[in-house]
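Here is a walk through one protein structure, taken piece by piece. Keep the model in view as you read.

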Amino acid sequence: MADAVAPEWSRATAPDGTSFIRAGSGAPVLFIHGVGMNAAIWQPQIERMADRWDVIAIDMLGHGRSPLPPQAPELADYARQAIRLLDHLGLKSVSVVGHSMGALVAQELALIAPERVDRTVSLNAVFRRPPELAEAVRERAAALTGRGDAAGAAQTIARWFGDPVPAGLMAAAEKTAAALSEVDSEGYARTYRLFARADNDHAERLSTLTVPALFMTGSQDKNSSPAMSAAMARLAPHGRCTVLAGQRHMMAVAAPDLTTRRIADFLSEGAEREDGAAGFDSGEFRRALGSFLTGVTIVTTIGPEGEPRGFTANSFTSVSLDPPLVLVCIAHKALGHPVFATSKSFAINVLSEDQKTASGVFASKAADKFTSVAWQSGQTGSPVLDGAVALFDCDMERLVEAGDHSILIGRVRYFQHNSAQPLGYCRGAYVTPGLSQEALAAIQPGTDVGAILENGGRILFLETPDGFYELPRGRGLGSAGDGKSLKGLLAAKAIEAQLGFLFAVWDDAGNAARTHVYYRGTVDVPASSDRGIRLIDIDAIEGLQIADPAIRSMLARYVRECTEDAFGVYVGNEVEGEVRPLARSDAASLNTGDQG
Ligand SMILES: Cc1cc2nc3c(=O)[nH]c(=O)nc-3n(C[C@H](O)[C@H](O)[C@H](O)COP(=O)(O)O)c2cc1C
């Protein structure tokens with residue numbers, strides 16, 4: 001295997017006998033292979049990274065050309081071997097990428113010598129094996145004799161690549177089999193016995209890992225499962241979990257492009273942070289993005305054990321009408337990422353302004369998010385939340401990787417919506433136009449509160465006996481029982497209205513005590529046209545007899561903004577004022593900084 005390495009890659013030996021490959025230049029990265037492999041298994045990574053990185057691949061003790069480990073080694077023996085190599089190379093600190101057993105060594109290295117490690121990637125790592133997996137690996141360890149074991153190697157290849165090996169993976173499987181056939185059987189047996197019992201070694205210590213850590217595995221890797229990587233990422237303070245769909249244990253060899261890109265992206269984040277400090281202010285970038293006013297959704301799915309999963313997201317976007325596609329972005333570091341990235345369906349619940357609490361819960365890392373909401377299974381099986389404004393129940397159409405997020409593109413199988421008020425989000429704060437404006441109206445009981453109520457391109461007016469047209473209005477927003485208020489008027493005339501965004505606020509210069517507040521809203525078709533209720537086409541409004549010039553000018557703006565589909569709030573007096581955006585900056589603050 002080692003001989004397959006291209007000649008320009010230098011293979012060298014450290015004073016303690018450790019053999020290693022070194023290639024390229026740039027920030028240093030140390031690669032540590034798994035049991036039975038050797039440094040040259042990283043050939044795909046070396047080829048893809050040597051142009052930007054100083055790549056060092058070590059032969060672990062008992063493997064390749066390195067000396068044997070002690071009879072009953074500990075992870076620290078392998079980590080100290082790596083530290084000696086760094087000392088020999090004069091490297092103060094490196095990023096460390098480990099595969100399988102090598103991932104445990106990488107973690108050990110970061111735990112015992114954090115000052116020597118910048119970032120760490122654990123590929124296909126084991127963690128707290130469930131009893132049946134622990135038993136199987138113990139049996140395999142006990143069966144090792146220290147002599148060559150061709151049958152065992154064949155089983156290993158079947159476990160790692162599939163049985164039979166898929167045609168497209170044949171070359172990768174042969175390369176791996178060649179490495180296995182070359183390994184020193186005593187070195188292999190000593191290391192494998194450690195591997196069989198080391199899955200718990202970091203259970204208590206991962207919470208003290210100080211370096212950024214990526215835990216990445218394949219969705220089909222049963223022995224180093226997505227659940228294990230997710231559990232490690234949850235414990236590590238700067239942990240993140242990524243699952244590569246359809247990949248198994250040897251994904252670094254079987255899917256070298258994707259795997260290497262993900263490794264390099266993660267390691268680059270550190271490099272960019274160091275040299276990009278002056279160039280790109282990511283905090284400012286986040287704040288700039290935050291000025292885009294959005295709705296808020298909770299995206300849900302069902303996990304592999306049948307458990308409901310969900311997270312708050314404002315990255316929801318419509319993509320295509322035909323076919324009906326929508327998207328939402330999920331951060332790689334979200335605990336739910338491995339589940340969503342491999343799920344066959346998901347649902348997007350658009351939140352109403354009554355669901356701020358649910359938004360907060362689903363933006364947290366709580367384990368029992370679904371105990372705080374009422375939900376049921378939707379058509380695709382994903383949880384559908386009661387009280388949402390709209391639902392898009394989707395099959396997973398495509399997963400697209402984009403930087404530190406994955407884009408989930410869903411094909412909408414089923415959708416529904418109602419007229420409840422949607423929750424908004426802007427500049428790190430919730431925007432609840434309906435409720436906050438209600439409060440505004442309530443503070444001044446004398447306020448003239450009215451509504452422009454729309455139904456399919458028509459506006460509701462009340463026609464007076466002398467042929468004038470008025471918008472529904474009253475003293476204060478009030479309630480159905482208060483006949484003088486807007487809500488009282490609507491109730492008395494059996495008008496089913498849903499008040500929405502504030503549209504205009506102005507003071508009446510002729511009567512300084514009076515403020516006028518007008519909402520936009522929607523209205524169901526009234527049961528009858530008696531009591532002067534009229535639905536007038538928006539185009540016909542200009543020709544109506546409207547007595548109040550302030551209302552006339554407000555309606556002129558309404559007609560204009562309807563055609564532009566861009567509403568603002570008018571604030572001023574009946575003569576002059578300005579159209580302002582809707583967001584309040586003092587709204588509820590959030591318990592998370594990540595807004596997708
Ligand atoms: C308003 C709002 C919008 C958010 N949008 C997104 C988003 O689009 N994508 C994302 O990955 N996280 C988003 N987040 C953050 C996640 O909800 C948060 O990280 C959550 O903890 C993820 O859950 P999990 O780690 O249990 O999977 C948003 C948070 C808030 C408050």
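Helices (H or I, at least four residues) and strands (E, at least two) are DSSP runs, numbered from the N terminus. This is a predicted model, where local features need pLDDT of at least 70, side-chain atom pairs count only at pLDDT 80 or more, and totals for chains, interfaces and linings use all residues. Residues are numbered from 1 along each chain as its sequence is written, and side-chain values use heavy atoms, with hydrogens and water left out.

Begin with the sheets. Strands of a sheet pair through backbone hydrogen bonds, either parallel or antiparallel. Here two strands pair if DSSP finds at least two bridges between them. One open sheet has 8 strands, and its pairing is mixed. The order is E1-E2-E4-E3-E5-E6-E7-E8. E1 (10–13) and E8 (239–244) stand at the edges. Each has a single partner strand, so one side of each is left without a neighbour in the sheet. Neighbouring strands here are turned by 20 degrees against each other on average, direction ignored. Such angles run from 0 to 180 degrees between N-to-C directions, and the axes are lines fitted to C-alpha atoms, for helices over the stretch in contact.

Look inside this sheet. E3 (residues 27–32) and E5 (residues 94–99) run parallel, joined by 4 bridges. Opposite Ile 32 stands Gly 98 in E5.

Now add a helix. H3 lies across E3, E5, E6 (117–123) and E7 (213–218). Its direction is at about 150 degrees to E5. H3 (residues 101–112) also meets H2 (residues 75–89): their axes come within 8 Å and cross at roughly 70 degrees. That makes H2 roughly perpendicular to H3. The wording follows fixed ranges: under 35 degrees is roughly parallel, over 145 roughly antiparallel, 65 to 115 roughly perpendicular, and the rest oblique.

Which residues of H2 and H3 meet? Contact means heavy atoms within 4.5 Å. From H2 come Leu 75, Ala 76, Tyr 78, Ala 79, Arg 80, Ala 82 and Ile 83. From H3 come Met 101, Leu 104, Val 105, Glu 108, Leu 109 and Ile 112. The residues of this contact divide into 11 nonpolar, no polar and 2 charged. In this scheme Ala, Val, Leu, Ile, Met, Phe, Trp, Tyr, Cys and Pro count as nonpolar, Asp, Glu, Lys and Arg as charged, and the others, Gly among them, as polar.

The second sheet is open too. It holds 7 strands in the order E11-E10-E14-E17-E18-E13-E12, with antiparallel pairing. At its edges stand E11 (308–313) and E12 (317–320), each with a single partner strand, so one side of each is left without a neighbour in the sheet. The twist averages 35 degrees from one strand to the next.

Follow E17 through this sheet. E14 (residues 345–350) joins E17 (residues 390–402) by 6 antiparallel bridges. Val 350 stands opposite Ala 390 in E17. E17 also pairs with E18 (residues 405–417), in the antiparallel sense, over 12 bridges. There, Cys 394 has Val 412 in E18 as its bridge partner. E17 and E18 form a hairpin with 2 residues between the strands. In that hairpin Gly 403 takes a positive phi near 60 degrees.

Last come some details of the loops. Arg 128 has a positive phi near 40 degrees, in a residue other than glycine. Arg 128 is found in the loop between E6 and H4 (131–143). A cis peptide bond joins Asp 163 and Pro 164, with omega about 0 degrees. Pro 164 is placed in the loop between H5 (150–161) and H6 (170–182). Another cis peptide bond runs from Asp 322 to Pro 323, with omega near 5 degrees. Pro 323 sits in the loop between E12 and E13 (325–331).
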